[in-house]
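Work through the exercises below with the sequence and the model in view. Each task is followed by a solution in steps.

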Amino acid sequence: MAAGAASPDKIKLGLIGCGGRGSWIANLFQKQGGYDLVAVADYFPDRTAAVGQKLGIPESRQYTGLSGYRRLLEQPGLEAVAIESPPYFHPEQAAMAVAAGKHVYVAKPVAVDVPGCQTIAQSGERARDRKLCFLVDFQTRADSFYIEAIRRLHQGDLGQLVFGEAIYHAECPFRSKYKYLETDPANPENRLRAWGLDRVLSGDIIVEQNIHTLDVMSWIMDQAPEYAVGTGGRKVRKFGDCCDYFALLFQYPNQVGITFSSRQIVGHGTQPDGIRNRMFGSQGVLETAYGGQVMIRGEKFFDGGRSPGIYQEGAVANIAAFHRSIREGDCQNLTVAPSVRSNLVSILGRTAAYQPGQVVTWDDLLRRNEKLEFDVRGMKG
C-alpha cells in the first residue's frame, strides 16, 4: 500500500493541531493499529509538513491556515478527528466536526470560557443523537487506581467528607516558547506559536494545566462547587500574560472546603510538588498523585498503586476506548459532561482569582457567560 493510503478496515482519522502534543499523539494513534491517519491540519505549514513527512501524508492532504481544519473535514472518507489545537479553538472545531458527521477525540481543556463549555456540551449531545462518538482525553480518568479509589470514596469508604487539598506545583513548561514573545508579543502569529503563555488561547494555567488536579477534585466531589475565592498573579515570568501562581478556596455543599494552589515558578526543591489531591473524611484519607501513589488511608485501607507512565498510558487507553466505541457503536459519550464541569470549575477559579478577595458563585459564573476573544486580523484564512 502506498504511503499515506488508507486501509479499508481501519478508522480514517484526521489530526487537527500538529504542535508538540499533536505530533506525539499522532504516533500513538498510528501504533494502536486501528487507525489510518489520512490528513492533518494546523495554522502553520511547517508543522503540517513535519507531521506529514513523518507519517507519510502527502502534501495535498496537509491543510493550513485558520480554516485548514474545515478543508480537512471535507476529506473524502474521513471518519474521525483528533483535536489537539490550542484550547480556544476546540469548541468551534468540535462543533464543525460533529456537523460534518465525524467522531471526535478532543484534548483537555475543552474550552477557555463558559460559552465554549456550553458549545462542547451541546456538541456531545448532538454527537450522541447522530450516533457519533465524542471522547475527552483525561489520563487520570482512564487509570485503574484512580478509578477504584474514587469508586470506594463514592461508596462511603472515607465516611463523611470533611475537607480537601489540591495542588499543581511545577515549573513553566513553555520556556521554549519565550522566544516568540521577545520581539513582537502582540503579533497574533507569535501569540499562536506561544499559545500556552496566552490567557485567551490557553485559558491561563489554571484552565490549561491545572485542570488535571481540578478534574480529580471535581470527580471526587461529583457536584459543582458553590463558590470560589482567592487570588493569582504573575510575579516571576517575564513573557506572556498568564499567571504564574494561583491560591484559592473552592467551597462545596455541606461546608466542605477544598484549598487549591498552583505555581509555574522554580520551587527550589520543595516537596511535595506535581499534581496531587488529598481528601479527608471522618474515617479515612484519599491521596492521589499523578504518576505516583494512589491510596486510601484509614479504617478501609486501600493500597492502590503507582502509574509512573500515566501521561502516555492514559492517552493510549483513551485512544483504544475511542476505537472500541466507534466499532461497537457506543455513543453514550460519558466523558463529556464531567469534563465540561471540570472545565467550568477551572474557569470559576480563574474568574475569582482575577478579582482577589471577591466571592464568585457558580450561578454568577454561568449568568455572566463571559466570552474570550482572540483577534485574528492579519492572519491567514
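**Exercise 1. Charges**

How many positive and how many negative side chains does the chain have, and how far apart do the centres of the two sets lie?

Solution. The structure is a predicted model. Counting Lys and Arg as positive and Asp and Glu as negative, the chain has 43 positive and 41 negative side chains. The centres of these two sets lie 2 Å apart.

**Exercise 2. Overall build**

Describe the secondary structure content, extent and burial of the chain.

Solution. Step 1: the chain contains 13 helices and 15 strands. Step 2: its radius of gyration is 21 Å, close to the 21 Å given by the globule rule for 381 residues, so the chain is as compact as a globular protein of that length. Step 3: the C-alpha trace spans about 60 × 50 × 40 Å along its principal axes. Step 4: with buried taken as under 20% relative accessible area, buried residues make up 56% of the 381 residues. Step 5: of the contacts with a separation of 6 or more, 70% are between residues 24 or more positions apart. Step 6: the chain exposes about 16100 Å², of which carbon and sulfur atoms supply 49%.

**Exercise 3. Strand order in the sheet**

Give the order of the strands in the nine-stranded sheet and explain what is particular about strand 14 and strand 15.

Solution. Step 1: the sheet is open, its pairing is mixed, and its order is 14-13-12-11-7-10-9-8-15. Step 2: strand 14 (302–306) and strand 15 (360–361) are at the edges with a single partner strand each, so one side of each has no neighbour in the sheet.

**Exercise 4. Strand 12 and its surroundings**

Trace the pairing from strand 7 to strand 13, and state whether strand 12 is enclosed or open.

Solution. Step 1: strand 7 (residues 161–170) pairs with strand 11 in the antiparallel sense over eight bridges. Within this pair, Phe-163 has Phe-280 of strand 11 as its bridge partner. Step 2: strand 11 (residues 274–281) pairs with strand 12, again antiparallel, over five bridges. The two form a hairpin with two residues between them, and Arg-276 stands opposite Ala-289 in strand 12. Step 3: strand 12 and strand 13 (residues 293–298) pair in the antiparallel sense over four bridges, with Met-295 in strand 13 as the bridge partner of Glu-287. Their hairpin has three residues between the strands, and Gly-291 takes a positive phi near 85° there. Step 4: five of the six residues of strand 12 (residues 284–289) are buried, so this strand is largely enclosed by the rest of the structure.

Conventions:
Residues are numbered from 1 along each chain as its sequence is written. This is a predicted model: local features need pLDDT of at least 70, side-chain atom pairs count only at pLDDT 80 or more; totals for chains, interfaces and linings use all residues. Side-chain values use heavy atoms; hydrogens and water are left out. The radius of gyration is taken over C-alpha atoms; the globule rule is 2.2 Å times the number of residues to the power 0.38. Buried means under 20% relative accessible area, exposed over 50%, partly exposed in between (1.4 Å probe, protein chains only). Contact means heavy atoms within 4.5 Å. Accessible areas come from the Shrake-Rupley method with a 1.4 Å probe; for residues, only the protein chains shown count as cover. The place of a charge is taken as NZ of Lys, CZ of Arg, CG of Asp or CD of Glu. Two strands pair if DSSP finds at least two bridges between them.
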